[in-house]
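Here's a quick briefing to read alongside the structure. Have the sequence and the 3D view open as you go.

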Amino acid sequence: MNKDRLFLAPDQLEALARTLPTPFYLYDEGGIRQAAGRYRTAFRWNAGYRQFFPVKATPTAAILRLLKEEGCGMVCSSGAELVLCQRCGFEPQDVLFLPNYPLPKDLDLAANLGAQVILDGPESAAFAAAGCSLDTVGLRYNPGGEFRADGEILSRPQDQKFGLSGKDLLAEAEALKTLGTKAVGLHAYLRGNTLNPGYLPALAELLFSLAVNLREETGLEIAYVNLSGGLGIPYRPEDETPDLEAMGQAVREAYQTWMVPAGLGQVPIYTEPGRYLTGPYGILVSRVVSIKRGYRDYMGLDASAADLMRPMLYEAYHHVTLPGKAPDAPRRAWDVVGGIAENTDKFAVGRLLPDPEIGDLCVIQDAGAHGHSMGYNYGGKLRCGEYLLGRDGGVKCIRRAETVEDYLLTQVFDL
């Protein structure tokens with residue numbers, strides 16, 4: 001895969017960067033819409049199919065509204081995300097509320113807004129006390145042990161803090177039944193960002209078998225099966241995204257094997273694609289502001305880990321492109337770094353790149369999910385702006401850059 005080819009031509013990007021202060025995020029509307037369409041196509045065989053986008057991936061109103069137009073619902077994990085979705089026009093039935101160790105104030109807000117709830121632990125009493133609607137409730141499953149697909153260990157759920165064991169899930173289902181619950185949805189997130197094509201089919205078989213057994217044990221109806229997490233994106237040039245259409249058909253075969261014979265052939269399938277929808281269609285655009293040669297060669301950018309934390313936090317790979325350089329320009333090893341006084345503030349280490357010049361554009365790719373949303377202000381860094389490239393070729397601001405006044409806004413100076 002040629003990762004140096006961007007969704008905007010180099011001369012167009014340079015012209016844009018002359019009018020906008022770097023660093024900034026740029027998203028491709030057309031790419032995001034096409035990705036959502038591919039998921040819909042892969043699961044078109046299921047009449048009730050819906051995709052829900054995890055707000056934490058890209059909590060920007062314009063992006064959420066764009067996805068709303070594509071039929072996506074939202075997954076929220078906090079009260080602030082619930083309010084964001086409400087202001088974006090999402091109806092309660094379009095929002096799944098899945099908090100991790102929920103705060104009472106967030107439960108109260110979920111109750112007031114009427115969001116659909118998913119329990120991550122033995123929380124039925126707390127949700128009931130908050131007044132949340134419990135007619136239909138989701139339950140997040142953790143099977144423990146090792147989760148495998150195509151002979152590969154994809155995760156060890158027993159080490160995850162998420163979800164309910166089979167025994168605890170059954171107990172919560174029985175507790176919900178006494179509270180008046182009529183139907184439960186089943187949810188599991190056992191691996192994120194995998195390129196293994198067996199993830200979704202293996203997860204589907206696990207949850208479909210659980211659905212059949214749970215209905216037999218409790219008599220509760222199955223409202224949906226949520227195949228959360230999974231499909232990654234090709235961060236590296238040698239990566240290839242699995243065939244989503246083939247994965248959808250493999251899930252369909254598991255559905256026919258487990259659900260249909262059990263009389264569950266009308267149960268909707270939900271998915272929660274996050275980075276697949278927005279990741280490849282967001283780039284962090286910056287400029288080279290410093291070049292230092294020493295024990296290593298350093299390319300210093302006006303962007304930093306405050307703008308994109310994933311490389312520092314996870315040692316995650318993001319492809320780096322100097323769009324103004326010729327494709328056949330000689331390359332050698334460069335460390336691409338930001339200006340925070342931490343040695344881990346690095347986008348790439350020993351990356352083979354053309355020799356830069358001060359003022360060159362530098363693009364960090366595949367930053368459209370878990371990029372700007374993970375930004376912070378350490379070292380007095382201000383979070384950058386976000387812009388959307390429309391299908392008509394126009395660019396509009398969808399979040400302004402922070403100012404020093406924003407940075408100081410919550411300070412108390414007069415004591």
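Ala-115 sits in the loop between α5 (104–113) and β5 (116–119). Keep in mind that this is a predicted model.

**Around Ala-115**
- Ala-115 has a relative accessible area of 6%, so it counts as buried, the cut-off being under 20%.
- Leaving aside neighbours within four places in sequence, Ala-115 is in contact with Leu-82, Pro-92, Val-95, Phe-97 and Ala-110.
- Val-75 is 40 residues from Ala-115 along the chain, and their C-alpha atoms are separated by 9.8 Å.

**Strand β1**
- β1 covers residues 24–28, and 5 of its 5 residues are buried.
- Side chains in a regular strand alternate between the two faces of the sheet.
- In β1, Phe-24, Leu-26 and Asp-28 point one way, while Tyr-25 and Tyr-27 point the other way, and all are buried.
- β1 pairs with β18 (residues 385–389) in the parallel sense, over 5 bridges; Leu-26 has Tyr-387 as its bridge partner there.
- β1 also runs antiparallel to β12 (residues 282–293), joined to that strand by 4 bridges, with Tyr-27 standing opposite Gly-282.

**Glu-29 in helix α2**
- Glu-29 belongs to α2, which spans residues 29–42.
- Relative accessibility for Glu-29 is 11%, so this residue is buried too, again by the under 20% cut-off.
- Not counting residues up to four places away in sequence, Glu-29 touches Leu-66, Leu-388, Leu-389, Gly-390 and Arg-391.
- A polar atom of the Glu-29 side chain lies 3.4 Å from the backbone nitrogen of Arg-391.

Terms used:
Residues numbered from 1 in each chain as written. Predicted model: local features only at pLDDT ≥ 70, side-chain atom pairs only at ≥ 80, totals over all residues. Heavy atoms only, no water. Helix = DSSP H or I, 4+ residues; strand = E, 2+ residues; numbered from the N terminus. Buried < 20%, exposed > 50% of the residue type's maximum accessible area, 1.4 Å probe, protein only. Polar contact = N/O pair within 3.5 Å; in protein donor to acceptor, adjacent residues only side chain to side chain. Contact = heavy atoms within 4.5 Å. Pairing = 2+ DSSP bridges.
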